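Good morning, and thank you for making time for this item. I would ask you to look at the sequence and the structure together while I speak.

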Amino acid sequence: MELTPRTGPDSEGGEASSAAPRKKRRVSFPALALLVAVIAIGGFVMVKALGSATTFYRNADEAVAERNELGVKRFRLQGTVVPGTVEQTGDGVTFEISYNGVPITIHHVGDPPEMFKESEAVLLEGHFDADGTNTYNSDLMIVKHSEVYKEKESERIKQAEVNGQVPVTTMRSGS
Amino acid sequence: MTTETVGSVEASDSGPTSTGSRTTMILGIITLISLGVLVLFGLILSPADANQGEAVRIMYVHVPSATLSYVGCFLTAIGSVVYLWRKSRWWELVAYAGAEVAALFTALTLATGMLWGRPTWGVFWVWDARLTSEAMLMLLLLGYLAVRRLAADYEVRAKRAAIVGLLLVPNVFIVRQSVQWWRTLHQTPTLSLSGAEIQGLMLFSLFTGFVSITLVFIWMVIHRFRVAWLEEQVDAEGLDTAIAERRAEGLVS
């Protein structure tokens, strides 16, 4: 609504009252079009983003099943690090992951994240090797962590050290 | 504000006359104390996690922030429904205050989430369904606040904003369910109806996080509502002055 101070006596009361609703209608039209456009773009992005998110990664068994179609195409791969398979290489690390009992050998280039360890799930970005085997070359590793939280063992060790003078029999054992 | 003008505005609406009150001052003090308790348990008394180490402590802020951002979105949706139905200005301002605080808590959720993701996952961000839908929620909240500020009459702005406000509920539902519906990097909820995957002092620290962040949320919503209400009063007063000016002119000519 127009609320600027009155400047001259030429504007009559009757004219002002008829101008107000006309102006209101004119302002709201392009703004409404803008709103519709924003919602449409937002909706489009949402559908696109969530659509691709549904196939965010392939599990190891699915990747092996689709080995021929995947070729050397880049995709995300998920599986659990098989214990005893982790070996350091010159430029990274090599290990095996498995999902539903299907293993894949991974050649990862780069330093693995701090939380990378055996029996934990990892998410990798890369592709199958060009030689046609089930070897996967990765250049990005993300550690998946679970929703389960547990007290760190070292905290209990620290407690035991602090209470070191206390006879072992009376020491509280961690639950 | 003189009593004369207050009387000429809407004396029947018993809204706040100041941004502070005795009750909210006490609430503010309790909130500050609870934040102190959160710092004590979250950073000092609670143990490190077996897998994540010290990084787990971010959870005590991240999870409550996310939950309270959902609460803010629901508040906005409720306020929007009541506004569209009854044209209640009071509820429209509740919706607005809720959206502002929800936007802040969503930003806090995103920021703490990224800070947590880097040491645990190894990355700040991935475009998985949880993170993407949360980013959408942030945009929608900013959209609500922007639409409400577009130059137009109050009724027009409030109506548009209320319609955007209604969209917040499906978006919150998508964020919440994304980890169940799709494959995501983000883990599924630790606290659920079937039980908690967290025990002892860690669970208690999370609980103190919920209590203190909830108090912060309530305090902020009340104050943002009061500011918005008083802004409305000032606008209405300006309108009254403008009308009075025009009437005076009419009398002269």
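How are α4(B) and α6(B) oriented to each other: roughly parallel, roughly antiparallel, roughly perpendicular or oblique? Before I answer, please keep in mind that this is a predicted model. The axes of α4(B) and α6(B), the latter being residues 154-181 of chain B, come within 11 Å and cross at roughly 55°. An angle under 35 degrees would count as roughly parallel, and the range from 65 to 115 as roughly perpendicular. The two helices α4(B) and α6(B) are therefore oblique to each other. Their crossing is left-handed. On the α4(B) side the contact involves Glu92(B), Ala95(B) and Ala99(B), and on the α6(B) side Ala158(B), Ala162(B) and Gly165(B). Sorted by class, this contact of α4(B) with α6(B) comprises four nonpolar residues, one polar and one charged.

Let me now turn to α4(B) itself. This helix covers residues 89-120 of chain B, which is 32 residues. From its first C-alpha to its last it reaches 46 Å, close to the 46 Å expected at 1.5 Å a residue. After α4(B) comes Gly122(B), with a positive phi near 105°.

A second partner of α4(B) is α5(B), which is residues 129-149 of chain B. Here the axes come within 9 Å and cross at roughly 150°. The crossing of α4(B) with α5(B) is again left-handed. Which residues meet between these two helices? From α4(B) they include Tyr96(B), Ala99(B), Ala103(B), Thr106(B) and Leu110(B). From α5(B) they include Glu134(B), Leu137(B), Met138(B), Leu141(B) and Arg148(B). By class, the contact of α4(B) with α5(B) holds twelve nonpolar, two polar and three charged residues. Please note Ala99(B), which takes part in the contact with α6(B) and also in the contact with α5(B).

The third partner is α3(B), residues 59-86 of chain B. The helices α3(B) and α4(B) pack at an angle of about 155°, and their axes are 7 Å apart. How should this pair be described? Angles over 145 degrees count as roughly antiparallel, and α3(B) and α4(B) are therefore roughly antiparallel to each other. This crossing, too, is left-handed. The contact of α3(B) with α4(B) draws on 16 nonpolar, twelve polar and one charged residues. As for its own length, α3(B) has 28 residues, which should span 40 Å at 1.5 Å a residue; the end C-alpha atoms are 40 Å apart, in agreement with that figure.

Between α3 and α4 of chain B there is a loop, and Lys87(B) is placed in it. Lys87(B) comes just after α3(B). Its phi is near 55°, a positive value in a residue other than glycine. Most residues other than glycine have a negative phi. Is Lys87(B) buried or exposed? Lys87(B) counts as exposed, because it has 12 C-beta neighbours inside 10 Å.

Chain A offers a parallel case. Ser119(A) lies in the loop between β5 (102-109) and β6 (121-128) of chain A. The phi of Ser119(A) is near 65°, again positive in a residue other than glycine. With 8 other C-beta atoms within 10 Å, Ser119(A) is exposed.

Some words on chain A as a whole. It contains four helices and seven strands, and along the sequence they follow the pattern α-β-α-α-β-β-β-β-β-β-α. Of its 175 residues, 15% count as buried. Among the contacts in chain A with a separation of 6 or more, 44% come from residues 24 or more positions apart.

Finally, I return to chain B for two individual residues. Leu166(B) is in helix α6. Leu166(B) is partly exposed, with 15 other C-beta atoms within 10 Å. Which residues does Leu166(B) touch, not counting residues up to four places away in sequence? They are Ala77(B) and Ser80(B).

The other residue is Val37(B), in helix α2, residues 22-45. Val37(B) is likewise partly exposed, with 15 other C-beta atoms within 10 Å. Neighbours within four places in sequence aside, Val37(B) is in contact with Thr208(B) and Ser212(B). The C-alpha atoms of Val37(B) and Val164(B), 127 residues apart along the chain, are separated by 37 Å.

Thank you for your attention.

Definitions and conventions:
Residues are numbered from 1 along each chain as its sequence is written. Chains are lettered from A and ligands numbered from 1 in the order in which they are written. This is a predicted model: local features need pLDDT of at least 70, side-chain atom pairs count only at pLDDT 80 or more; totals for chains, interfaces and linings use all residues. The expected span of a helix is 1.5 Å times one less than its number of residues. A residue is buried if 20 or more other C-beta atoms lie within 10 Å of its own, exposed if 12 or fewer, and partly exposed in between; C-beta atoms are placed from the backbone. Two residues are in contact if their C-beta atoms, placed from the backbone, lie within 7 Å. Axes are lines fitted to C-alpha atoms, for helices over the stretch in contact, and angles run from 0 to 180 degrees between N-to-C directions. A crossing is left-handed if the near helix is turned anticlockwise from the far one by less than a right angle, and right-handed if clockwise. Ala, Val, Leu, Ile, Met, Phe, Trp, Tyr, Cys and Pro count as nonpolar, Asp, Glu, Lys and Arg as charged, and the others, Gly among them, as polar.
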